[in-house]
Every structure is written in structure tokens, then in C-alpha cells.
Amino acid sequence: MKTSRAWQLRVRDLVTMPGSRQRPHMKRPVWIIILVSMVCLFLIAAYVYPLRNSAPCSFFSSSGCLIYAEEQSTPTRELTDDEIYSRVVVREVLKIPHVESKNPKIAFMFLTPGTLPFERLWDKFFRGHEGRFSVFVHASREKPVHVSRYFLGRDIRSDSVVWGKISMVDAERRLLAHALKDPDNQHFVLLSDSCIPLHNFDYIYNYLMFTNVSFLDCFLDLGPHGTGRYSEHMLPEIEKDDFRKGSQWFTMKRQHALIVMADSLYYRKFKLYCRPGMEHGKNCYADEHYLPTFFHMTDPGSIANWSVTYVDWSERKWHPRSFRAEDITYELLRNMTFLDQSVHLTSDEKNPVTITPCLWNGQKRPCYLFARKFYPETLEKLITLFSNYTVV
């Protein structure tokens, strides 16, 4: 018994000796160093060899995604000269290093038939933020009468616009061209005459300036009002599998605005073969399909695939729901500011609805910065409620 007791004491002393206590602690820093090293190696590899998946691609480098996709893909056919020229131009534009502006601005581009009914609301939105934005107005029917100093002298040379035809895309490109003249314009927002802001200026400015994507709507609709509008005349450059749909109301980074200006190949295809009643009563609307298809094919990893302009399609009609004065309440507007999922209604009976969480730089955030369609009669209520529903 004495021997056994002595042995137990000896074992206890060995376990509690200073040297024995230090061994486990010596191992911990080693494992921490190994873990940190592995993480660092993964991040470096991800930057040097970007993945094709859109989330990590957009986090590290949008141009890297495009170049990777081009280098890894094996063309199933010989590319035409026009396709080669187009790919080279797009690739080179996207590779241009971002030049920091000393005074970065957002270009607000208004596409309107004439006078803007919500100028007084936008005046309240812009007030106090001079030098951080610029305004451009494309009025397609009549010369607008301006009531806000921010809109005076901001009309560009305009042309007639017909809903659903390529003239709508022409007007968008015309606005982008004028806005790109100012090198300080770093982000470009397309708005209609029925659009209103859902947040204050600072919130929208930071949301757009510090994002890593362009907020351009793009989704696959396998129904008659999606790929059913595709024409085989678009071959070989545009295949049916690449045909996409989306809202025309976008916000766009400067590099993306430049490649829209540079594109002639895909624009020409839509100009010729995407129009109402083109073949057998088939209606194709260029403003819903050109940009979504173009960016899906050229730089898919750096677009959000949803628009930051809220539209209510719940009535499933040809046009979205329009809001009248009696509809305008604090609750309605505030609810729009908190929506964090983008809902796409398709014409595909098997998949009529697709829901996508809105991610801002990888984090779930409210989707919408603007909303439409509001009747002019809602102006007074909107001005009264503006400071309340735009509180962040």
C-alpha cells in the first residue's frame, strides 16, 4: 500500500511539474500560426486565380472573373471577327485600373417625356450635397419646365422615344455619353419621371460609391415573355442560352458605362432582331433584354442581378402598379425601404417566381434606393413624408 501511495504521489508530481504544464501551451501558437498561414495562402490564391462563381469573383476582382472565364473556356465554334474585336475591347476596358477621383460624383440621369413632376422632391433630396452629384435630363416629347436650380441647364440633346423599341436604349446610351464627359462621375443612375428616392442622399451615395458591383437586373425567364422572345437571327454571336431579361432601371459603375458605349456588335443585333411584332407576332423589347444579355455574356460576376429601383408587379399586368395619392402612407414607403429580397415574376409556368437575397458586398442589405411608379398627384404627400421615411 505504501508503495502504491508513493507511486500515485510521484505521478501527481510529474503531472503538475512546471515543465509538464508548459507543453500544451507551447502547441497552441504553432496551430494558430499554421491556421493563419493557410487562410493567407487561400486569400492570395483566390486573388491570383479568381473563381468563376459570382460572389467571390465580385469580392476580389470583376475583371479577373472575365479574364478567367475567357482563358478557361474552349470556344465550340470559330469566333467571328466582330466577336474577337468586341471581346478585346471589353477585356481591355475592364482591365484599366480604377482612377480615384478627388471629387467622386453620382450622375442622376432622368429619362422623361417632358417636365419632371417630382422635381421639388428631388430638390429636397439634393439640397446640401452640392458637388457630390450631377443631373442629366433626356426629355423625348417636349422641353421640360424646371422648378429646381439643380435641373436648370441640365437638358441634353434628346430624340423621340417609343416604348419597347431600340430608341429607349438609344436614349439610355445618350445619357451615359453626356454623363461620361465629366471624369468625376463614377456611378450612373437611370431614373424615370415617376421615380422617387427612398433614402436620404448620404445613404444612397455611400451605398453606390462603395459597392463592388453595378446594380443591373438580370434573370433567366424560360417562358414566352423571356426566352420565348429570342430570335435565331441573333446567332451566332448570341445564343438562346445566353438570352436574359431584366428591368431597364439600373445603376452602373464607370467601367461598365464605358463598355456600353464601346459596344456595337450586340447593340446592332438587338436593334435588328429585338422589336415588337418582328416575326409571327412575337414581341421583343430591347430595353428589357439588351443590357441584361450583354452583361451576362461579358462580365456576369460584377453585376448584382437585381435593380435598386422598386417596382410592384404583383398585379401581373403589362405595366406595374401605379401609386395614387390615397395609397401614400408612411407605412407603405417605410416598408419599401426595408425589403431585402428581390422578387422576379417570370412567364415560366414551372418556375413563376424566383427570389434572390439582396447582398451588398457580401452582406444582406435592403434592396431598394428608389421606387416607381407614382402619379404626379402624390407629390405633396411625398414631400411631407420625405424626412420621415428616409431616416436610416
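These are my notebook entries on a predicted model, taken element by element.

**Confidence**

I started with the pLDDT. The chain averages 85, and 80% of the residues score at least 70. Over residues 1–27 the pLDDT is below 50, and I found 4 contacts in the model for this stretch beyond near neighbours in sequence. I then turned to residues 46–72. Here too pLDDT stays under 50. For residues 46–72 the model has 34 contacts beyond four places in sequence.

**Helices α7 and α11**

I looked up how α7 (residues 166–180) sits against α11 (residues 286–298). Their axes come within 8 Å and cross at roughly 55°. That crossing makes α7 oblique to α11, because the angle falls outside the parallel, perpendicular and antiparallel ranges. Next I listed who meets whom. From α7 come Ile 166, Met 168, Val 169, Glu 172 and Arg 173. From α11 come Ala 286, Asp 287, Tyr 290 and Leu 291. I sorted this contact by class and got 6 nonpolar, no polar and 3 charged residues.

**Helices α5 and α10**

I did the same for α5 (81–95) and α10 (residues 265–273). The axes come within 9 Å and cross at roughly 125°. I noted α5 as oblique to α10. In α5, the residues in contact are Asp 82, Glu 83 and Ser 86. They meet Leu 265, Tyr 266 and Arg 268 in α10. The class count is 2 nonpolar, 1 polar and 3 charged residues.

**Asn 103**

Where does Asn 103 lie? I placed Asn 103 in the loop between α5 and β1 (105–112). Buried or exposed? The relative accessible area of Asn 103 is 32%, so I logged the residue as partly exposed. I set aside neighbours within four places in sequence and checked contacts. Asn 103 is in contact with Gly 131 and Asp 184. I also took the C-alpha distance from Asn 103 to Gln 186. The two are 83 residues apart in sequence and 9.4 Å apart in space.

**Helix α6**

How many of the 8 residues of α6 are buried? I counted 6, so helix α6 (residues 119–126) is mostly covered, with buried meaning under 20% relative accessible area. The buried set is Glu 119, Leu 121, Trp 122, Asp 123, Phe 125 and Phe 126. I followed the backbone past the helix end. Gly 128, just after α6, takes a positive phi of about 90°.

**Strands β9 and β10**

I checked both faces of β9 (residues 341–345). Ser 342 and His 344 make up the covered face. Gln 341, Val 343 and Leu 345 make up the uncovered one. I then looked for the partner of β9. β9 pairs with β10 (residues 353–357) in the antiparallel sense, over 5 bridges. Leu 345, from the uncovered face of β9, stands opposite Val 353 in β10.

**The sheet of β4, β13 and β8**

I traced an open sheet of 3 strands, in the order β4-β13-β8. Its pairing is mixed. Which strands are at the edges? I found β4 (196–197) and β8 (309–310), each pairing on one side only. I looked more closely at one pair. β4 and β13 (residues 370–371) run antiparallel and are joined by 2 bridges. Within that pair, Pro 197 stands opposite Phe 370 in β13.

Notes: Residues numbered from 1 in each chain as written. Predicted model: local features only at pLDDT ≥ 70, side-chain atom pairs only at ≥ 80, totals over all residues. Heavy atoms only, no water. pLDDT = per-residue confidence, 0-100. Contact = heavy atoms within 4.5 Å. Axes fitted to C-alpha atoms, helices over the stretch in contact; angles between N-to-C directions. Helix = DSSP H or I, 4+ residues; strand = E, 2+ residues; numbered from the N terminus. Parallel < 35°, antiparallel > 145°, perpendicular 65-115°, else oblique. Nonpolar A, V, L, I, M, F, W, Y, C, P; charged D, E, K, R; others polar. Buried < 20%, exposed > 50% of the residue type's maximum accessible area, 1.4 Å probe, protein only. Pairing = 2+ DSSP bridges.
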